[in-house]
Amino acid sequence: LVGGTMMYFYQLINGLANIPAIHPEQLKEINQRIKSYTLEALYAILQECDPLWAANVKSTDKQRIERGISVYWSSGRCLSSYFKEKNKSPYQFECAGLEVEDRFAHRDIIHRRLDHMIDNGLEQEVQELWNEFPDSSLTFWTFVGYRQFREYILGECSFEQAKERVYFATCQLAKRQRTWMKKFDLEICSVELKKEGAVCPL
């Protein structure tokens with residue numbers, strides 16, 4: 001396995017919680033019920049029904065708050081209780097990681113990657129998605145790039161502001177990925193980016 005979100009690697013290696021699926025009709029009813037509360041009220045409900053999960057969720061994290069409440073209302077059990085019953089992976093893993101030695105060079109790559117995305121139609125892609133799915137509560141509108149350029153096409157910021165926000169969010173994402181790597185017993189290989197496309201042997 002190469003690339004991807006570090007959280008997925010962590011769950012693959014350490015096992016997944018066996019959280020029961022919610023029947024579509026029941027989920028529809030739960031979502032309607034959730035809509036009748038403010039986010040502040042929902043967080044208070046989560047703190048009452050699942051204090052362990054709430055302690056690890058920000059009061060502004062709408063998606064994780066609603067997830068915790070949905071699981072509790074549908075199963076009668078706290079979401080946090082399922083994570084104590086993870087199914088361990090039957091496989092053994094050998095993990096290695098690449099880390100860019102020069103952070104300034106890494107940021108330059110992020111800038112060039114963003115320019116490439118814009119040149120290849122990021123703005124148009126976001127506009128077409130918004131035309132079809134004009135609901136900012138949908139999960140994919142939180143994705144880096146989509147969120148910032150949605151704000152631009154809605155007139156909430158300038159093009160340059162959107163671009164700078166994408167760059168900043170991507171740098172933050174790279175930082176979080178480095179933090180996740182510390183959770184693994186990795187053989188880290190530092191990459192010195194002397195030129196684009198540099199390869200480091202493992």
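Helices and strands are taken here as DSSP runs, of at least four residues for a helix and at least two for a strand, numbered from the N terminus. On that basis, the protein chain of this predicted model holds 10 helices and two strands. Read from the N terminus, the order of the elements is α-α-α-α-α-α-β-α-α-α-α-β.

A look at the chain as a whole comes next. The protein chain has 202 residues, and 30% of them count as buried. Its accessible surface amounts to about 14100 Å², with 51% belonging to carbon and sulfur atoms. Of the contacts between residues at least 6 apart in sequence, 60% join residues at least 24 apart.

Four salt bridges were found, among them the following three. In helix α5, which spans residues 62–75, Lys 62 and Glu 66 sit four residues apart, about one turn of the helix, and their side chains form a salt bridge with an N to O distance of 2.9 Å. Glu 66 is buried, at 18% relative accessible area, whereas Lys 62 is partly exposed, at 40%.

Helix α7 (residues 103–119) contains a pair with that kind of spacing: Asp 108 and Arg 112 are four residues apart, about one turn of the helix. The closest N and O atoms of their salt bridge are 3.1 Å apart. Asp 108 is partly exposed at 39% relative accessible area, and Arg 112 is partly exposed at 34%.

Another salt bridge joins Lys 163 to Asp 115, with 2.9 Å between the closest N and O atoms. Because Lys 163 belongs to helix α10 (residues 159–181) and Asp 115 to helix α7, this pair ties together parts that are 48 residues apart in sequence. Asp 115 is partly exposed, its relative accessible area being 29%.

Key:
Residues numbered from 1 in each chain as written. Predicted model: local features only at pLDDT ≥ 70, side-chain atom pairs only at ≥ 80, totals over all residues. Heavy atoms only, no water. Buried < 20%, exposed > 50% of the residue type's maximum accessible area, 1.4 Å probe, protein only. Contact = heavy atoms within 4.5 Å. Areas by Shrake-Rupley, 256 points an atom, 1.4 Å probe, with all protein chains shown as cover.
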